[in-house]
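Open the model in your viewer and keep a selection box ready. This tour goes stop by stop, saying what to pick and what is there.

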Amino acid sequence: MLKVLNQENILPYERKALKRWTSKSEAKFYRDIKKASENKYKNTTHILEENHIKWFNGLESLFENYEDNTITFKEIYRADIIDNIFGIELSNEELFERFCSQFTINGYFEFPDILCSFSIDKYYAINACEKNDKYKSSKIPRVLYILEKRVSKYLYIKEFSEVALEEEVLAILKSKFVVKNIIKKQNNFVEIFLDEYEVINPQKQR
């Protein structure tokens, strides 16, 4: 039977994994835990320390042991700097339009990351994105993903986070998403509304 995620129920190694995942003083922990998730679910071969694999296993354990505690949240948010993955030099405006052209209403989308953070606070998600080292000016292309309908499990981890203000929701994404709406804003900023469609290779849920 699944438990409620709280201070009494959480196991010590799960708590430690969350501390490492949310650490702002050691960004390497975050990056390498994500690489551990890629090794498992994307068949990559990143060379990692044993601790980083253990911490990912600790995060994955959360999804096996606890019930979804995000049911009451109508929307959750993730903001990202748009990277140039197209192999040619593009201006900010050209990159923004090229990125947006990949999305069509009722089309499918998959997040490139397996292990993902969202926030229940739209404006914190946007502000956190703008604190990224890649954010050089207000013209830098950015995207805000707004996730409404959710099918798989999501966990609200604020009380275990090193940065509680982030109002973080953690997800292990093996799903496709349907694009419900695309709203372009000023300064190369776009909001993309998504509904989760199906779980790819779902793990057994208890």
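**Colour by confidence**

This is a predicted model, so start with pLDDT. The mean over the protein chain is 93. Of its residues, 96% reach 70 or more. Now select residues 202–206, where the pLDDT is below 50. In the model this stretch has 6 contacts beyond near neighbours in sequence.

**Helices H2 and H3**

Two packed helices are described by the angle between their axes and the distance between the axes. Show H2 and H3 as cartoons. They pack at an angle of about 75°, and their axes are 8 Å apart. Because angles of 65 to 115 degrees count as roughly perpendicular, H2 is roughly perpendicular to H3.

Next, turn on side chains at the interface. Which residues of H2 meet H3? Select Lys-28, Phe-29, Asp-32, Ile-33, Ala-36, Ser-37, Lys-40 and Tyr-41. On the H3 side, pick His-52, Ile-53, Trp-55, Phe-56, Leu-59 and Glu-60.

**Lys-34 and Asp-113**

Stay on H2 and select Lys-34, which sits in this helix. Is Lys-34 buried or exposed? Its relative accessible area is 12%, under the 20% cut-off, so Lys-34 counts as buried.

Add Asp-113. The two residues form a salt bridge, with the closest N and O atoms 2.8 Å apart. This pair links distant parts of the chain: Lys-34 belongs to H2 (residues 27–41), while Asp-113 is in the loop between strand E2 (108–109) and strand E3 (115–119). In sequence they are 79 residues apart; C-alpha to C-alpha, the distance in space is 7.7 Å. The side chains also register as a polar contact at 2.8 Å. Asp-113 is buried as well, at a relative accessible area of 18%.

Now expand the selection around Lys-34. Leaving aside neighbours within four places in sequence, Lys-34 is in contact with Trp-21, Arg-78, Asp-113 and Leu-115.

**Other salt bridges**

Side chains of opposite charge can pair when their charged atoms come close. How many salt bridges does a search of the whole structure find? The search finds 15.

Select Glu-148 and Lys-74. Their side chains meet in a salt bridge at 3.8 Å, N to O. Glu-148 lies in the loop between strand E4 (142–147) and strand E5 (154–156), and Lys-74 in the loop between helix H3 (50–65) and strand E1 (76–81), so the bridge ties together parts 74 residues apart in sequence. Glu-148 is partly exposed, with a relative accessible area of 24%. Lys-74 counts as exposed at 63% relative accessibility.

Move on to Glu-97 and Lys-184. Here the side chains meet in a salt bridge at 2.8 Å, N to O. Glu-97 is in helix H4 (residues 92–100) and Lys-184 in strand E7 (residues 175–185), so this pair ties together parts 87 residues apart in sequence. Both ends are partly exposed: Glu-97 has 40% relative accessibility, and Lys-184 has 45%.

Then select Lys-34, Arg-78, Asp-80 and Asp-113 together. Salt bridges that share partners join these residues into one network.

**Ser-119 and Glu-166**

Go to strand E3 and pick Ser-119. This residue is buried, with a relative accessible area of 3%. What does the side chain of Ser-119 reach? At 2.8 Å lies the backbone oxygen of Glu-166.

Show the surroundings of Ser-119. Without neighbours within four places in sequence, the contacts of Ser-119 are Ile-76, Tyr-77, Tyr-124, Ala-125, Glu-166 and Glu-167.

Now centre on Glu-166. Where is Glu-166 placed? The residue lies in the loop between E5 and strand E6 (168–172). Glu-166 is buried, with a relative accessible area of 14%. Not counting residues up to four places away in sequence, Glu-166 touches Lys-24, Ser-119 and Tyr-124.

For a last distance, draw a line from the C-alpha of Glu-166 to that of Lys-3. They are 163 residues apart in sequence and 24 Å apart in space.

Notes
Residues are numbered from 1 along each chain as its sequence is written. This is a predicted model: local features need pLDDT of at least 70, side-chain atom pairs count only at pLDDT 80 or more; totals for chains, interfaces and linings use all residues. Side-chain values use heavy atoms; hydrogens and water are left out. A salt bridge is a side-chain nitrogen of Lys or Arg within 4 Å of a carboxyl oxygen of Asp or Glu. Helices (H or I, at least four residues) and strands (E, at least two) are DSSP runs, numbered from the N terminus. Buried means under 20% relative accessible area, exposed over 50%, partly exposed in between (1.4 Å probe, protein chains only). Contact means heavy atoms within 4.5 Å. A polar contact is a pair of N or O atoms within 3.5 Å; within protein, one must be able to donate a hydrogen and the other to accept it, and residues adjacent in sequence count only if both atoms are side-chain atoms. pLDDT is the predictor's confidence in each residue, from 0 to 100. Axes are lines fitted to C-alpha atoms, for helices over the stretch in contact, and angles run from 0 to 180 degrees between N-to-C directions. Angles under 35 degrees count as roughly parallel, over 145 as roughly antiparallel, 65 to 115 as roughly perpendicular and the rest as oblique.
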